[in-house]
Structures are given as C-alpha cells and as structure tokens.
Amino acid sequence: MNWSWDHAAAVLPELLSAFLRVTLLVTIVSSIGAAVLGLVWAIVLREAPKVVAAIIFRILDIIRMTPIPLQLAAIWAFVITTDVEALTVGLIVYAVHYSTYMAESYRAGIESIRPGQWEAATALSMSKGRTWRAVIIPQALRATVPSLGNWAIAMFKDTPFLIMISVPEMVTAAEKYGGSTFSYDEPFILAGLIFLAASYPTAVLMRKLENRLATY
Amino acid sequence: MDAFLDDLSTAAPRFWDGLVVTLQLGLGGAAVAFVIAVALGLLTLSPNSWLRAPGRMVVEFFRGTSLVVQLFFFFFVLPQIGLELDPIPVGIAALGLNYGAYGAEVVRGSLAAVPKAQWEATTALSMGSVQRMARIIWPQAWALMLPGLNNLLVMLVKGTALASFIFLHDVTFVADDLRRTMGKLFSFGIGFAIYYALNQLLSSGMRILELRAQRRLGLKPESRKATKRAEAVAGVG
C-alpha cells in the first residue's frame with residue numbers, strides 16, 4: 001500500500017458528490033418512508049382481521065429475511081422496460097425493507113404502553129382513530145425514536161448494495177476511480193472514513209437520546 | 001405444472017451451486033464472527049483500560065465503516081501489498097469482522113446484564129476469573145445473548161448476497177442470471193424462497209439453543225411433558 005495525497009485529493013470531491021447526491025438522499029428519503037410505512041404495518045397488524053394480519057406478517061417476514069441485493073435485482077428486472085429510474089427502485093426497496101424492521105420497533109413501543117391508557121381512552125369514548133393519534137402514538141414514539149434512528153444508521157451503511165442496480169453511490173465512485181487509476185487504497189479508505197465520520201456521531205447521539213427519553 | 005417441474009429440474013443444479021457458495025460464506029462468516037464477538041466482547045468488558053480502549057476502537061471501526069467498503073478493501077487493496085486471497089476467504093473475513101463487531105456489543109451487553117450479585121458471589125467463593133466466567137457468568141449471559149445473535153445471524157446470511165460484487169456465483173447471482181432464460185418470476189421466486197427457508201431454519205435452530213440455555217438455568221421447564229406433569233401436580237391446566 002502506498003498512500004498518495006494526490007490520489008486522495010483527486011478522488012475526495014467525487015466521493016463527496018456521490019455521497020451527497022445518492023447515499024445521503026437515499027438514507028434520508030428512505031428512512032422517512034420506512035418510519036411512516038413501519039407505523040402503518042404496526043397499526044395494521046394490531047387492528048386488521050386475524051387472517052389479513054397473518055398474511056401481512058408473513059409478507060413482512062419474507063422481506064425481512066431476504067437480502068436487499070436480491071430485492072433490488074428483482075424489482076429492477078420487472079421495471080427495467082419502463083422508464084422508472086434505478087434510483088427510484090432503490091428508494092422504494094430500502095424504505096420497504098427497513099419498514100419491516102421499524103414495524104418491530106413500533107410494536108415494542110406500542111406494547112410498552114400500559115393497558116390503563118387503552119382503557120382510559122375507551123372510558124372517554126374516544127374513537128379508534130383518536131385513541132391512536134392522541135394517546136398511543138405519542139407515547140409509543142418516545143420509546144421508539146432511538147431504535148428508528150439506529151435502523152436509519154444501519155440503512156445508511158447498507159446503501160453500497162445499490163451497486164447491484166448500478167446506482168452511482170459513493171462506493172461505486174470509489175471503485176470506478178480505483179479501476180481507472182489502479183490505486184484502490186485511497187478511495188476505499190476515504191469512503192470508509194466518510195461512513196465512520198457520519199455514522200459514529202449519529203450512533204452516539206442516538207445512545208444519548210435513548211437515555212434521555214427513557215422514562216421507566 | 002409439468003413445465004414448472006421441468007424448469008425446476010433445469011434450474012436446481014445452478015441454484016445448488018449458488019447455495020453452496022452462500023452457505024460457505026454464511027457459515028464460515030458466522031464461525032469467524034462468533035469467535036471475534038466473544039474475544040472483543042470480553043476485551044471491551046475488561047476493567048483494564050489498556051485492553052478496553054483498543055477493543056472499543058476495533059468494534060466502532062468495523063461497525064462504522066460499512067460491510068461493502070471493508071469487503072472491497074480486502075478484495076482490491078490487500079493484493080496490492082502482496083496478500084492474494086481467494087474471493088471466498090475474503091468474503092468470510094469481511095462478514096466475520098463486520099458482524100463480529102456487532103456481535104461483540106451483544107456479548108458485552110449480555111455479560112454486563114448478569115446481576116452484580118452473581119459476580120460478587122464468585123468473589124466470595126474465591127473463584128478464579130476463568131472458573132467464574134465458565135461456570136457462573138457465561139451460562140447466564142449465553143441465554144441472554146442468543147436472541148441478539150439470532151438477529152445478527154439472519155443479517156449475516158443476507159449480507160452474503162454481496163458475493164457477486166467480488167465475482168462469486170451465490171444464490172443472488174444465480175437468480176439474477178437465470179431470469180434471462182427462465183423468466184424473472186420463476187428465478188427470483190426461487191431465490192427468495194431459498195433465503196427465506198435458510199433463515200427460518202437457522203432461526204429456529206437458534207431458538208432451540210435459547211430454550212436449552214434457559215432450561216439449563218431452570219428458567220423453562222424441561223419439556224412440554226414436564227409442564228403437563230407439573231400442572232397436573234399443581235392441579236391446573
């Protein structure tokens with residue numbers, strides 16, 4: 001390995017540009033999508049008729065237990081003839097995949113709410129919708145937010161799987177630079193450091209948030 | 001139906017070859033990850049900060065820098081310093097180090113969750129540190145860490161799908177390759193089924209280990225039969 005500052009300086013702008021335009025975009029958009037979808041799954045699994053809930057549970061289980069690269073390749077194969085962009089496929093696959101994990105986090109948060117809260121809502125003859133909106137979700141979120149944050153960090157570190165459908169994210173840019181100059185060490189070391197620099201402080205923040213929000 | 005079976009018998013050998021690669025990476029990676037998780041977990045729990053600090057740094061480094069980056073680093077950079085490795089050992093090393101670092105947190109957390117009185121009792125009985133870990137602390141922590149390790153095992157098996165990035169022909173590669181000749185619904189359907197079945201199998205194996213660990217600690221009754229007997233004696237059920 002012979003580190004060259006010239007190569008490092010040449011590749012860094014390319015990495016940062018791919019990082020901002022794809023890696024960060026996917027992380028933010030898909031995290032929000034996953035957080036919303038996850039809550040929908042958690043509510044549907046509780047409220048839907050048993051058969052429907054069982055089918056949805058099984059589908060979520062299959063999504064959770066199969067790899068993202070396979071999911072990317074499968075969805076891409078079905079839309080390749082249309083004018084859907086690979087990036088859009090990526091946004092959807094990451095959002096749906098991580099929504100299955102976030103649904104579990106919400107479930108734990110909802111189950112941590114004491115039964116008295118549900119009973120009080122019934123006693124006040126609140127509608128089902130209002131019970132969820134005004135009583136359950138605000139309390140469940142408190143217990144769930146740090147865990148959602150940790151899944152978002154996990155998603156962030158999984159974004160290089162987008163190589164599977166040739167979306168130009170940061171590691172693809174690193175590999176391309178390495179392939180054209182035969183110096184692989186600078187691009188990959190820098191890409192790794194960028195991941196570390198972004199994910200470690202966020203992880204520490206989530207740990208702090210977890211301690212602050214912990215009520216019981 | 002006959003056409004489907006015909007397709008299946010054509011595709012089966014290809015998927016079998018893919019499964020062998022996926023299993024090599026998954027089981028090899030899991031074995032390496034387990035050893036690393038235990039070693040780093042014990043290190044990060046050490047009272048000596050000269051041991052703890054480097055342990056923490058290694059854990060945070062491998063957790064923070066993304067599996068694919070690590071894989072590419074091993075695959076592209078190590079040969080340049082004269083370390084030629086086959087793609088399979090490279091994949092096993094990357095998976096083992098990455099998930100080993102995640103596992104270290106599970107091991108550390110579980111060991112730390114064993115009640116303080118248990119640690120104190122071993123001191124009162126003047127047990128050595130090896131005996132204390134092997135006979136008292138580890139068996140209790142083992143039951144606590146299995147659910148976490150189970151989650152990581154599923155993630156590791158999913159992580160093996162990066163094999164095609166280093167030119168290996170695993171299940172994901174085969175599914176993507178066969179879509180041209182056998183149809184996408186068929187090839188991807190089989191791909192999904194293989195991963196799902198494999199992860200369900202591994203997960204239920206881990207559940208069995210967990211139940212056994214709990215039973216050894218007296219937390220769960222011996223068997224369903226024993227539960228029935230106990231209930232009969234107690235006059236319930």
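How many helices and how many strands does chain A have? Let's find out, and then work through some more exercises on this predicted model.

**Exercise 1. Describe the overall make-up of chain A.**

Step 1: Count the elements. Chain A contains eight helices and zero strands.

Step 2: Follow the chain from its N terminus. The elements read α-α-α-α-α-α-α-α.

Step 3: Look at the extent of the chain. Along the principal axes, the C-alpha atoms of chain A fill a box of roughly 70 × 45 × 25 Å.

Step 4: Turn to burial and contacts. Of the 216 residues in chain A, 48% are buried. If you take contacts in chain A between residues at least 6 apart in sequence, 79% of them join residues at least 24 apart.

**Exercise 2. Find out how confident the predictor is.**

Step 1: Begin with the scores for the model, which are ipTM 0.89 and pTM 0.89.

Step 2: Move to chain B. Its mean pLDDT is 90, and 92% of its residues reach 70 or more.

Step 3: Find the extremes within chain B. Helix α9 (residues 224-234) of chain B has the lowest confidence, with a mean of 60, while helix α4 (residues 87-113) of chain B has the highest, at 95.

**Exercise 3. Work out how two pairs of helices are arranged.**

Step 1: Recall what you need. Two packed helices are described by the angle between their axes and the distance between the axes.

Step 2: Take a pair inside chain B. The axes of helix α1 (residues 2-43) of chain B and α4(B) come within 5 Å and cross at roughly 40 degrees. That angle makes α1(B) oblique to α4(B). The crossing in which α1(B) passes α4(B) is right-handed.

Step 3: Take a pair that joins the two chains. Helix α8 (residues 185-213) of chain A packs with helix α3 (residues 67-77) of chain B at about 165 degrees, and their axes are 10 Å apart. Angles over 145 degrees count as roughly antiparallel, so α8(A) and α3(B) are roughly antiparallel to each other. Here α8(A) passes α3(B) in a left-handed crossing.

Step 4: Name the residues that meet. From α8(A) come D185(A), F188(A), I189(A), G192(A) and F195(A); from α3(B) come V69(B), F72(B), F73(B), F76(B) and V77(B).

**Exercise 4. Decide whether T172(B) is buried or exposed, and describe its surroundings.**

Step 1: Locate the residue. T172(B) is in helix α7 (residues 171-182) of chain B.

Step 2: Apply the cut-off. Buried means under 20% relative accessible area, so T172(B), at 0% relative accessibility, counts as buried.

Step 3: List its neighbours. Leaving out residues up to four places away in sequence, T172(B) touches P67(A), P69(A), L70(A), M164(A), A161(B) and Y195(B).

Step 4: Look at one neighbour again. The side chains of T172(B) and Y195(B) make a polar contact at 2.8 Å.

**Exercise 5. Examine two residues with a positive phi.**

Step 1: Remember the background. Most residues other than glycine have a negative phi.

Step 2: Look at chain A. S166(A) is not a glycine, yet its phi is positive, at about 55 degrees. It lies in the loop between α6 (128-158) and α7 (170-181) of chain A. With 61% relative accessibility, S166(A) counts as exposed.

Step 3: Look at chain B. F167(B), also a residue other than glycine, has a positive phi near 65 degrees. F167(B) sits in the loop between α6 (129-159) and α7 of chain B. Its relative accessibility is 59%, so F167(B) counts as exposed.

Notes: Residues are numbered from 1 along each chain as its sequence is written. Chains are lettered from A and ligands numbered from 1 in the order in which they are written. This is a predicted model: local features need pLDDT of at least 70, side-chain atom pairs count only at pLDDT 80 or more; totals for chains, interfaces and linings use all residues. Side-chain values use heavy atoms; hydrogens and water are left out. Helices (H or I, at least four residues) and strands (E, at least two) are DSSP runs, numbered from the N terminus. Buried means under 20% relative accessible area, exposed over 50%, partly exposed in between (1.4 Å probe, protein chains only). A polar contact is a pair of N or O atoms within 3.5 Å; within protein, one must be able to donate a hydrogen and the other to accept it, and residues adjacent in sequence count only if both atoms are side-chain atoms. Contact means heavy atoms within 4.5 Å. pLDDT is the predictor's confidence in each residue, from 0 to 100. Axes are lines fitted to C-alpha atoms, for helices over the stretch in contact, and angles run from 0 to 180 degrees between N-to-C directions. Angles under 35 degrees count as roughly parallel, over 145 as roughly antiparallel, 65 to 115 as roughly perpendicular and the rest as oblique. A crossing is left-handed if the near helix is turned anticlockwise from the far one by less than a right angle, and right-handed if clockwise.
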